[in-house]
Amino acid sequence: MARVKVITDSTSDIPKHLVEELNIRVIPLKVHFGNETFLDGENLTAEEFYQRIANSETFPTTSQPSPVDFEQAYRQAIAEGYTDILSIHLSSALSGTYQSALIAKEAVSSEEVKIEVLDSRTATFAIGNMVVEAARAAKAGKSLDECIKIAKRVRETQVLLGYLDTLDYLQKGGRIGKAAALVGSLLRIKPIISLDDEGEVVAVEKVRGKKKAVRRIFECLTEQIPKGSKVSVAIFYGAMQEEGKEWFQKANELYDVQESTFSFIGPVIGSHTGPQTIGILVTPKDEE
């Protein structure tokens with residue numbers, strides 16, 4: 001009987017307890033501060049990262065895993081007895097990580113193993129949400145095709161919205177995408193951001209002032225997912241952990257929350273969004 005191994009990369013920002021519980025393999029991206037290089041989530045935690053950028057004049061940069069990194073992970077999964085591999089990664093519009101995984105797939109694929117590489121077309125725990133649900137399905141004995149179907153359904157139904165205090169990090173990191181039109185806007189304009197169907201960063205709206213931006217985010221959520229719906233809610237943040245609790249409370253007042261997840265935005269995504277960033281992910285739960 002086929003066994004499905006689910007693999008992702010560190011930009012999925014999945015809390016460690018879920019990684020361990022669901023036996024997910026996480027391939028780290030790299031964060032660079034000048035001549036120093038760190039593995040995202042391995043020898044640089046999110047907390048350490050945000051402390052570092054608060055006290056450093058060096059702007060962090062990032063780099064993707066090599067195809068060899070993925071090839072080693074795929075071969076290890078095969079050695080452990082897995083016959084199917086589902087590899088879900090950061091939006092190809094934001095990184096070459098997905099391409100590295102595809103190259104590794106070509107090097108490893110054979111009649112004995114089936115490898116599917118999925119472009120999440122999203123980032124942070126919006127990837128993680130897809131990965132977690134696919135890994136739960138795999139743990140329950142679902143087939144590779146079923147796991148892929150579940151991951152894609154999550155991608156299609158989840159709603160991601162984020163608040164950035166500044167676009168400087170996205171601009172400097174070259175990941176600003178379709179939100180570029182907001183650069184140079186008046187001070188105190190706070191963009192509400194998301195990712196579009198192509199996996200590019202987009203400005204959903206621009207609002208004057210933080211309080212109005214937060215209020216509008218929750219209005220946008222209820223425009224897409226009706227109040228009172230059964231949902232899962234994930235809150236993810238840079239150095240805004242306390243505000244994350246407030247956001248969850250707001251979500252809990254609007255929805256019938258079946259599951260909640262809190263996660264730091266890790267060093268790689270944080271390098272492009274900055275410390276004053278917070279996001280929410282709401283996913284309708286099946287009524288079955």
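This dialogue takes up the sheets, the helices packed on them, a salt bridge, and the enclosed and open spaces of a predicted model.

Visitor: How are the strands of a sheet held together, and in what order do the strands of the 4-stranded open sheet stand?

Guide: As a general idea, strands of a sheet pair through backbone hydrogen bonds, either parallel or antiparallel. In this model, the open sheet of 4 strands follows the order β2-β1-β6-β7, and its pairing is parallel. The edges are formed by β2 (25-27) and β7 (114-119), each of which pairs on one side only. On average, neighbouring strands of this sheet are turned by 20 degrees against each other, with direction ignored.

Visitor: How many bridges join β6 to β7, and which residue of β7 is the bridge partner of L86?

Guide: Strand β6 (residues 84-89) is joined to β7 by 6 bridges, and the two run parallel. The partner of L86 in β7 is E116.

Visitor: Which strands does helix α3 lie across, and which does helix α6 touch?

Guide: Helix α3, residues 67-79, lies across β1 (4-9), β2, β6 and β7, and runs at about 150 degrees to β6. Helix α6, residues 144-157, packs on the sheet with contacts to β1, β6 and β7. The direction of α6 makes about 5 degrees with that of β7.

Visitor: What is the strand order of the 3-stranded open sheet, and is its pairing parallel or antiparallel?

Guide: The order is β4-β3-β5, and the pairing is antiparallel. Here the edge strands are β4 (36-39) and β5 (61-63), each pairing on one side only. Neighbouring strands are turned by 30 degrees against each other on average, direction ignored. Between β3 (residues 30-33) and β5, which run antiparallel, there are 3 bridges; K30 has S63 as its bridge partner in β5. Helix α2 packs on this sheet and touches β3 and β4, its direction making about 25 degrees with that of β3.

Visitor: How should a salt bridge be read, and how many are counted?

Guide: The criterion is a side-chain nitrogen of Lys or Arg within 4 Å of a carboxyl oxygen of Asp or Glu. By this rule, the model has 11 salt bridges. One of them joins E243 to K210, whose closest N and O atoms are 2.5 Å apart. Because E243 belongs to helix α9 (residues 241-254) and K210 to helix α8 (residues 210-224), the pair ties together parts that are 33 residues apart in sequence.

Visitor: How many cavities of 30 Å³ or more does the structure hold, and which residues line the largest cavity?

Guide: A cavity is a space where the probe fits but cannot get out. The structure holds 1 cavity of 30 Å³ or more, and the largest cavity has a volume of about 70 Å³. Its lining includes F125, R136, E259 and T283. Two or more lining residues come from each of α5 (125-139), β11 (230-237), β12 (256-264) and β13 (277-284). The largest share, 5 residues, is that of α5. By class, the lining has 5 nonpolar, 4 polar and 3 charged residues.

Visitor: Which residues lie nearest the centre of the largest pocket, and how does its lining divide by class?

Guide: A pocket, by contrast with a cavity, is an open set of points. The largest pocket holds about 560 Å³ of space. Of the 22 residues that line this pocket, D13, I14, P15, K16 and G41 lie nearest its centre. The elements giving two or more residues to the lining are α1 (16-21), α2 (46-54) and β12. The lining divides into 10 nonpolar, 6 polar and 6 charged residues.

How values were computed: Residues numbered from 1 in each chain as written. Predicted model: local features only at pLDDT ≥ 70, side-chain atom pairs only at ≥ 80, totals over all residues. Heavy atoms only, no water. 1 Å grid on protein atoms, 1.4 Å probe; cavity = no way out; pocket = protein on both sides within 12 Å on 5 of 7 lines; lining within 4 Å. Points joined across faces, edges and corners; volume = space filled by probe spheres on them. Nonpolar A, V, L, I, M, F, W, Y, C, P; charged D, E, K, R; others polar. Pairing = 2+ DSSP bridges. Axes fitted to C-alpha atoms, helices over the stretch in contact; angles between N-to-C directions. Contact = heavy atoms within 4.5 Å.
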